[in-house]
Amino acid sequence: MDTEGTVSKGDQLSITHHPHVVLASDASKEDVVTTQALILQAEKDGHIGQLLIKAGVLIGTEGKVSIGSGEDTTSTYIEKHGLEW
């Protein structure tokens, strides 16, 4: 997940979340559609996001769902960026 925060003229804060969910290589089209719906539902149901919205912060989500190649993308990312588990 990447999150982008911006402050525009008038000190208007906006936050956009960019989740990227990678499903297993054998995921169905229904799995992709369900995951997309869950991403949007998480935006609506998140307690902290709701508090920020009430405080006047603009919150948005631009999610992406893809089907993996069978590769362990999490481990690859951690290794590539020198992170630890």
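**Ile 78**

I began with Ile 78 and asked whether this residue is buried or exposed in the predicted model. Its relative accessibility comes out at 13%, and because buried means under 20% relative accessible area, Ile 78 counts as buried. I then looked up where Ile 78 sits and found the residue in helix 3, which covers residues 73-80. As a distance check I took Asp 45, which lies 33 residues from Ile 78 in sequence, and I noted a C-alpha to C-alpha separation of 29 Å for the pair.

**The chain as a whole**

I next went through the secondary structure of the protein chain, which comes to three helices and five strands, and wrote down their order along the sequence as β-β-β-α-α-β-β-α. The radius of gyration is 16 Å, whereas the globule rule gives 12 Å for 85 residues, so I record the chain as more spread out than a compact globule. Along the principal axes, I noted that the C-alpha trace spans about 45 × 35 × 20 Å.

I also looked up how much of the chain is buried, and found that buried residues make up 19% of the 85 residues; Ile 78, as entered above, counts as buried. The chain exposes about 6700 Å², and carbon and sulfur atoms supply 55% of this area. For the contacts between residues at least 6 apart in sequence, I noted that 57% join residues at least 24 apart. For the charges, I entered 6 positive and 13 negative ones, with their mean positions 10 Å apart.

**Strands 1 and 2**

I then turned to the start of the chain, where strand 1 (residues 2-8) and strand 2 (residues 12-18) run antiparallel and are joined by seven bridges. To follow one of these pairings I picked Glu 4, whose bridge partner in strand 2 is Thr 16. The two strands form a hairpin with three residues between them, and in the turn I found Gly 10 with a positive phi of about 85 degrees.

Which residue other than glycine has a positive phi near 60 degrees? I found this value at Asp 11, which is placed in the loop between strand 1 and strand 2. Asp 11 has a relative accessibility of 68%, and since exposed means over 50%, I count Asp 11 as exposed.

**Val 22 and the residues it meets**

My next residue was Val 22 in strand 3, which covers residues 20-23. I asked which residues Val 22 is in contact with, leaving aside its neighbours within four places in sequence. The list I obtained is Ser 66, Ile 67, Gly 68 and Thr 73. Two of the elements concerned are strand 5 (64-67) and helix 3 (73-80). I looked further at Gly 68, which is 46 residues from Val 22 along the chain, and found their C-alpha atoms separated by 5.6 Å. With a relative accessible area of 36%, Val 22 is partly exposed.

**Gly 70**

I closed with Gly 70, which has its place in the loop between strand 5 and helix 3. Gly 70 is 48 residues from Val 22 along the chain, and I noted 10.0 Å between their C-alpha atoms. The relative accessible area of Gly 70 is 63%, so I entered this residue as exposed.

Key
Residues are numbered from 1 along each chain as its sequence is written. This is a predicted model: local features need pLDDT of at least 70, side-chain atom pairs count only at pLDDT 80 or more; totals for chains, interfaces and linings use all residues. Side-chain values use heavy atoms; hydrogens and water are left out. Helices (H or I, at least four residues) and strands (E, at least two) are DSSP runs, numbered from the N terminus. Buried means under 20% relative accessible area, exposed over 50%, partly exposed in between (1.4 Å probe, protein chains only). The radius of gyration is taken over C-alpha atoms; the globule rule is 2.2 Å times the number of residues to the power 0.38. Contact means heavy atoms within 4.5 Å. Accessible areas come from the Shrake-Rupley method with a 1.4 Å probe; for residues, only the protein chains shown count as cover. Lys and Arg count as positive and Asp and Glu as negative; His and the chain ends are not counted. The place of a charge is taken as NZ of Lys, CZ of Arg, CG of Asp or CD of Glu. Two strands pair if DSSP finds at least two bridges between them.
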